[in-house]
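Hi everyone, thanks for making time for this. I'll walk you through one protein model, and you can follow along on the screen.

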Amino acid sequence: MYAFTVDTSAKAELYRDLASALDALTADESDAVANMANAAALIWQYLPDLNWAGFYRLVGGELVLGPFQGKPACIRIAMGSGVCGTAAATLATQLVDDVHAFPGHIACDADSRSELVVPVVRDGILIGVLDLDSPIAARFDAADAAGVEALAALLAGRI
C-alpha cells in the first residue's frame, strides 16, 4: 500500500510532491501499463477539478487510448486531430482554456471545458501524450503545464 503526503496548498509544492510520489510508484516497475495506470490514478486523486486524466499511446502512427481515470473515452485519435493529436504531431504542450474554441476539438466528454495535453517523449521519440481535462474553463495555467511536463519527463523512461 502506498500512502503519500501531497501538499495541495500551492502548485509548486503540489507538483513537487506529485513527482516524488510518482517516482516512488514507478521507480522499480518495468511494466509501462502499470506505470501509466498508477500515474493516472495519482494525478486523478490529487489534482482538483479534473473530469479526465490519462494517456494516449502512439501505436502504428495513431494515438490509442491507454490507462486513464474518468468517463469512457475516444479510443483512437489521428495525429494532428484535436488537442491530443496536435500535441502529438507538434511535440508541444497544448494548454487550452476553452476546448470549444479549439479548431477540430474532439469532444469525448461534453462536460470538458479546458484541457492540458503534454507529449511524452523519450530520446526524441514520441511515446504518447498525457491528457488532463476539466469541466472548468481556463482550469490550467503555465504552472500546471510545467508541473505536468515534469511528470511526463519522469515517466518517459518508465513507459
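**A sheet, two helices across it, and a cavity**

Let's start at a turn. Strand 1 and strand 2 make a hairpin, with 2 residues between them, and Gly 60 in that turn has a positive phi of about 60°. Before I go further, please keep in mind that this is a predicted model.

Okay, so how do the two arms of that hairpin run? Strand 1 covers residues 52–59, strand 2 covers residues 62–70, and they pair in the antiparallel sense over 7 bridges. If you want one spot to click on, try Tyr 56, which sits opposite Leu 65 in strand 2.

Now look at the other partner of strand 1. That's strand 6, residues 125–134, again antiparallel, this time over 6 bridges. Here you can find Ala 53, whose bridge partner in strand 6 is Leu 132. Strand 6 also pairs with strand 5, residues 114–122, in the antiparallel sense and over 9 bridges. For that pair, click on Val 121 and you'll see its bridge partner in strand 6, Leu 126.

Let's put the whole sheet together. In what order do the strands lie? It goes 3-2-1-6-5-4, so to speak: 6 strands in an open sheet, with antiparallel pairing. The edges are strand 3, at 76–78, and strand 4, at 94–96, and each of those pairs on one side only. From one strand to the next, the twist averages 25°. A general point for anyone new to sheets: in a regular strand, side chains alternate between the two faces of the sheet.

Next, the helices. Overall, the protein chain has 4 helices and 6 strands. Reading from the N terminus, the elements go α-α-β-β-β-α-β-β-β-α. Helix 3 lies across strands 1, 2, 3, 4, 5 and 6, and runs at about 30° to strand 5. Helix 4, residues 142–156, lies across strand 1, strand 4, strand 5 and strand 6, also running at about 30° to strand 5.

While we're on helix 4, have a look at Leu 154, which is part of it. Which residues does Leu 154 touch, once we skip its neighbours within four places in sequence? The contacts are Ala 19, Leu 22, Asp 23 and Thr 26. Take Ala 19: Leu 154 is 135 residues away from it in sequence, yet the two are 7.6 Å apart in space, C-alpha to C-alpha.

Now for the empty space. You can find it by rolling a probe the size of a water molecule over the atoms, which shows where space is left. How many cavities of 30 Å³ or more does the structure hold? There's 1, and the space in it comes to about 160 Å³. Its lining is made of 18 residues, and the ones nearest the centre are Ile 106, Cys 108, Glu 115, Asp 131 and Asp 133. Strand 1, helix 3 (82–90) and strand 6 are the elements that give two or more residues to that lining. Helix 3 gives the most, with 3 residues. Sorted by class, the lining has 9 nonpolar, 4 polar and 5 charged residues.

Last thing, let's zoom out. The C-alpha atoms fill a box of roughly 40 × 35 × 25 Å along the principal axes. And does the overall size fit a compact globule or miss it? With 159 residues, a compact globule would have a radius of gyration near 15 Å, and this chain has 14 Å, so the two agree.

Definitions and conventions. Residues numbered from 1 in each chain as written. Predicted model: local features only at pLDDT ≥ 70, side-chain atom pairs only at ≥ 80, totals over all residues. Heavy atoms only, no water. Pairing = 2+ DSSP bridges. 1 Å grid on protein atoms, 1.4 Å probe; cavity = no way out; pocket = protein on both sides within 12 Å on 5 of 7 lines; lining within 4 Å. Points joined across faces, edges and corners; volume = space filled by probe spheres on them. Nonpolar A, V, L, I, M, F, W, Y, C, P; charged D, E, K, R; others polar. Axes fitted to C-alpha atoms, helices over the stretch in contact; angles between N-to-C directions. Contact = heavy atoms within 4.5 Å. Rg over C-alpha atoms; globule rule 2.2 N^0.38 Å.
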